[in-house]
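Biologist: Could you walk me through this model and explain the words you use for it?

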Amino acid sequence: MARLALGYACSDFDPFDWDTRIDPYPAYAALRAAGPVIRLEKYGIFAVPRFAEIKAIFADHVNFSNAGGAGIANYFKEKPWRPPSIVLEADPPLHTRTRKVLARIMSPGAMRKLEDAFKAKAVELADELVERKSFDAIRDLAEVFPVTVFPDALGIDNEGRENFLTYGAMVFAGMGPENDYFRSLMAHAPKVLPWVTAKCQRDALAPGSFGAQVYEAADSGEITQEEAPLLVRSFLSAGLDTTISATGMALYSLARHPEQWAILAANPSLARAAFDETLRYDSAAPYVFRTTPHETEIAGVPIGKHEKVLLLIASANRDDTRWERADQFDVTRRVAGHIGFGTGIHGCVGQMVARLEGEAVLAALAARVASIEITGEPVYRDSSGLRALSSLPVRVVTK
Ligand code: OVM
């Protein structure tokens with residue numbers, strides 16, 4: 001990596017190269033060693049690989065905007081592929097209003113109402129899989145559980161639920177460059193996008209559901225009536241693919257580290273901490289972008305106006321200036337402070353739902369399974385914005 005007179009190093013690292021995704025961590029370590037800001041020449045963007053600077057940028061929405069897009073597309077210069085999210089792709093004061101509504105809908109109190117049903121579903125699923133002994137941890141579990149519980153919590157009916165997954169895939173593929181994978185998903189747009197619009201309407205949402213509560217916020221004047229369907233859309237964008245990916249990566253991390261599974265199996269109440277450790281160790285949402293609305297700087301390095309800045313969350317979560325034994329997966333570690341959910345005003349507002357889902361699955365399995373063995377080659381999914389498996393064949397030994 002050549003350091004130029006510009007004040008930053010340049011690299012040919014490609015965060016969207018699917019061949020390097022099996023183990024991107026050596027490349028992240030090289031970027032952290034190269035400096036606080038690295039120019040990724042292939043895309044003409046800046047990458048930030050270290051914990052400290054990423055944390056500082058997450059705390060600075062004035063110099064690092066979300067209205068410019070949370071993916072690689074620069075909304076200050078290009079037309080977004082969909083109307084921008086009014087929470088993810090918005091800055092204060094708009095973001096402040098919409099975020100408040102979502103934070104209330106997914107508050108700890110609201111989670112307590114979902115907990116029993118989520119746990120019961122996870123137990124049901126775990127019983128069935130443990131009976132089979134051999135199953136696919138992704139297709140039969142990580143994909144099944146969120147699809148079973150989340151659309152119900154959101155309040156949509158069963159019609160066309162397969163579109164939910166395709167839409168999530170589009171949103172996250174849409175965070176990366178416009179490649180063949182994104183185009184192949186967009187071939188489904190004529191069917192999927194009208195379905196999404198229909199499910200965001202008031203009359204499509206069950207009473208008391210997350211979605212219905214967005215309309216209550218519109219009725220009380222917190223957001224406008226026009227904003228309500230767009231805010232419901234955020235649940236459809238961010239609510240399913242994320243938890244599927246994170247649950248899958250959690251099962252993969254645990255299956256790859258039998259001694260860690262043994263610790264969890266001996267004490268299933270560690271399930272929530274184990275889920276968080278997998279979000280640190282192998283972050284399912286490995287990066288997010290900011291855009292500079294004006295000239296600014298990162299660690300003293302001048303950055304121009306309207307630049308895309310890639311925050312390498314998964315790298316920060318392995319930064320050994322922040323974490324002891326950063327590359328070691330340890331379900332007993334003090335993992336609070338990881339940024340697998342981001343942090344700051346845009347930190348994942350659904351993280352309590354995600355944890356509830358992850359914990360339910362891991363605890364149900366840990367209560368029944370003494371050990372997990374990987375019996376076939378894990379397959380990574382094609383996705384620009386998520387780190388996820390599409391297949392993980394396993395065999396379990398029951399307690
Ligand atoms: C949204 C949204 C929020 C968070 C993540 C996300 C990239 C989308 O509001 O549409 O996926």
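Here is a short talk about the ligand, its surroundings and the overall fold.

Modeller: Happy to! This is a predicted model, where local features need pLDDT of at least 70, side-chain atom pairs count only at pLDDT 80 or more, and totals for chains, interfaces and linings use all residues. Residues are numbered from 1 along each chain as its sequence is written, and side-chain values use heavy atoms, with hydrogens and water left out.

Biologist: What makes serine 85 a polar contact of the ligand?

Modeller: A polar contact is a pair of N or O atoms within 3.5 Å. A polar side-chain atom of serine 85 lies 2.5 Å from a ligand oxygen, so the pair meets that cut-off. Serine 234 also has a polar side-chain atom 2.5 Å from an oxygen of the ligand, and for an N or O atom in the side chain of arginine 82 the distance is 2.9 Å.

Biologist: How do you know how much of the ligand the protein buries?

Modeller: Taken alone, the ligand exposes 310 Å², and the protein buries 86% of that; areas come from the Shrake-Rupley method with a 1.4 Å probe.

Biologist: Which residues does helix 11 (227-238) belong with, as an element of the shell?

Modeller: Helix 11 and helix 7 (162-173) each give two or more residues to the shell around the ligand, and helix 11 gives the most, with three. Helices are DSSP runs of H or I, at least four residues.

Biologist: Why is the protein called compact?

Modeller: Its radius of gyration, taken over C-alpha atoms, is 21 Å, close to the 21 Å that the globule rule gives for 399 residues, so the protein is as compact as a globular protein of that length. That rule is 2.2 Å times the number of residues to the power 0.38.

Terms used: A polar contact is a pair of N or O atoms within 3.5 Å; within protein, one must be able to donate a hydrogen and the other to accept it, and residues adjacent in sequence count only if both atoms are side-chain atoms.
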